[in-house]
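The following exercises ask the reader to work through a structure step by step. Each task is followed by its solution.

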Amino acid sequence: EACRKIIGYAGGSKPASRPSVRVSKSKRLKLKLPTFTQSESQKEQLGELRNVSLEAIEICIERGLVEFGNWRNHSSWFVTDNTGRNIQARRLDGEPWPQINAKAWTLPNSQASWPIGLEESRPYPIILLVEGGPDLLAAAHFAWCEGRDKETAIVAVMGASHRLKSYSLTILAGKRIRIFSHNDRSGIAFTKRWAKQLKNVGSIVDAVSFDGLIQTDGAEVNDLNDLCNVHADTFEQYAEIQSLVP
């Protein structure tokens, strides 16, 4: 299969759908935050950079998961949530930060293991659990494309090495969760670990990887954001990726 399920369904019952709510920004932790700004040009630049719809970006902004501003004298986009516990910055030009030789910069005093969007996920019956900021955008994009964004939350773990802690498991318990694994050894290994943790608290869990899928430039699909670069004919060919929201 081009889109291979690596974790089967297990346990739990589907909660009733509830309206979305936002966590008050007054509850943010007292971190030293950059000055957030927002403009149509920034949204358009991010959409072009990650090949996602403006609607997906608007969904993330509305839920408090994406902000814009400047970091280290570069126009940037930030992945965070209304708790302010964890903030990760990326440059809008897509280049790495020379100071750390990486594209993603976790801001000082952040709790790097905090899953972004966790609190915001409370009212939703369906969770798309992803790794990193670009996959968060892609999850919002596909949820919007399928008309499922009103019932679907997105939670992003900012690195495959982070375990889901007991507080996270309490919030995610009993929900319908689909994990999108990065197509590498560590991504798949930790996806299996997350799935085991979630099944132990009664969640219905499965996971998707992207073996065999190719982007329009010929590169392999390694994560959910890469799937945004797959030719439309591929989606028609493989039924497994025509519905990414469970």
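**Exercise 1: Two helices in contact**

Helices α2 and α3 are roughly perpendicular to each other. The model under study is a predicted one.

Task: Determine at what angle α2 and α3 pack, and which residues of the two helices meet.

Solution.
Step 1. Locate the helices: α2 covers residues 54-62, and α3 covers residues 133-145.
Step 2. Consider the geometry. The two helices pack at an angle of about 115°, and their axes are 8 Å apart. Angles of 65 to 115 degrees count as roughly perpendicular, and α2 and α3 are therefore described in this way. The crossing in which α2 passes α3 is right-handed.
Step 3. List the residues. From α2 come Glu-55, Ala-56, Ile-57, Ile-59 and Cys-60; they meet Leu-136, Leu-137, Ala-140, His-141 and Trp-144 of α3.
Step 4. Sort them by class: the contact of α2 with α3 has 8 nonpolar residues, 1 polar and 1 charged.

**Exercise 2: The nonpolar cores**

Task: State how many residues the largest nonpolar core has, and which of them have the most contacts inside it.

Solution.
Step 1. The largest nonpolar core has 40 residues, and Leu-136, Leu-224 and Leu-227 are those with the most contacts inside it.
Step 2. Elements that each supply at least two residues of this core are α2, β3 (66-71), β4 (74-79), β7 (126-131), α3 and β8 (152-157). The element that gives the most is α3, with 7 residues.
Step 3. Another core, of 21 residues, lies apart from this one; among its members are Ile-127, Ala-153, Ile-179 and Ala-195.
Step 4. Return to Leu-227. When neighbours within four places in sequence are left aside, Leu-227 is in contact with Phe-142, Phe-210, Leu-213, Val-221, Phe-235, Ile-241 and Leu-244.

**Exercise 3: Positive phi values**

Task: Establish where Asn-101 and Asn-109 are placed, and decide whether each is buried or exposed.

Solution.
Step 1. Recall the general rule: most residues other than glycine have a negative phi.
Step 2. Compare the values with the rule. Asn-101 is not a glycine, yet its phi is positive, about 55°. Asn-109 also has a positive phi, near 75°.
Step 3. Find the loops. Asn-101 is in the loop between β5 (88-91) and β6 (105-106), while Asn-109 is in the loop between β6 and β7.
Step 4. Apply the cut-off for exposed, which is over 50% relative accessible area. Asn-101 has a relative accessibility of 67% and so counts as exposed. Asn-109, at 59%, is exposed.

Key. Residues are numbered from 1 along each chain as its sequence is written. This is a predicted model: local features need pLDDT of at least 70, side-chain atom pairs count only at pLDDT 80 or more; totals for chains, interfaces and linings use all residues. Side-chain values use heavy atoms; hydrogens and water are left out. Axes are lines fitted to C-alpha atoms, for helices over the stretch in contact, and angles run from 0 to 180 degrees between N-to-C directions. Helices (H or I, at least four residues) and strands (E, at least two) are DSSP runs, numbered from the N terminus. Angles under 35 degrees count as roughly parallel, over 145 as roughly antiparallel, 65 to 115 as roughly perpendicular and the rest as oblique. A crossing is left-handed if the near helix is turned anticlockwise from the far one by less than a right angle, and right-handed if clockwise. Contact means heavy atoms within 4.5 Å. Ala, Val, Leu, Ile, Met, Phe, Trp, Tyr, Cys and Pro count as nonpolar, Asp, Glu, Lys and Arg as charged, and the others, Gly among them, as polar. A nonpolar core is a set of buried Ala, Val, Leu, Ile, Met, Phe, Trp, Tyr and Cys residues joined through side-chain atoms within 4.5 Å. Buried means under 20% relative accessible area, exposed over 50%, partly exposed in between (1.4 Å probe, protein chains only).
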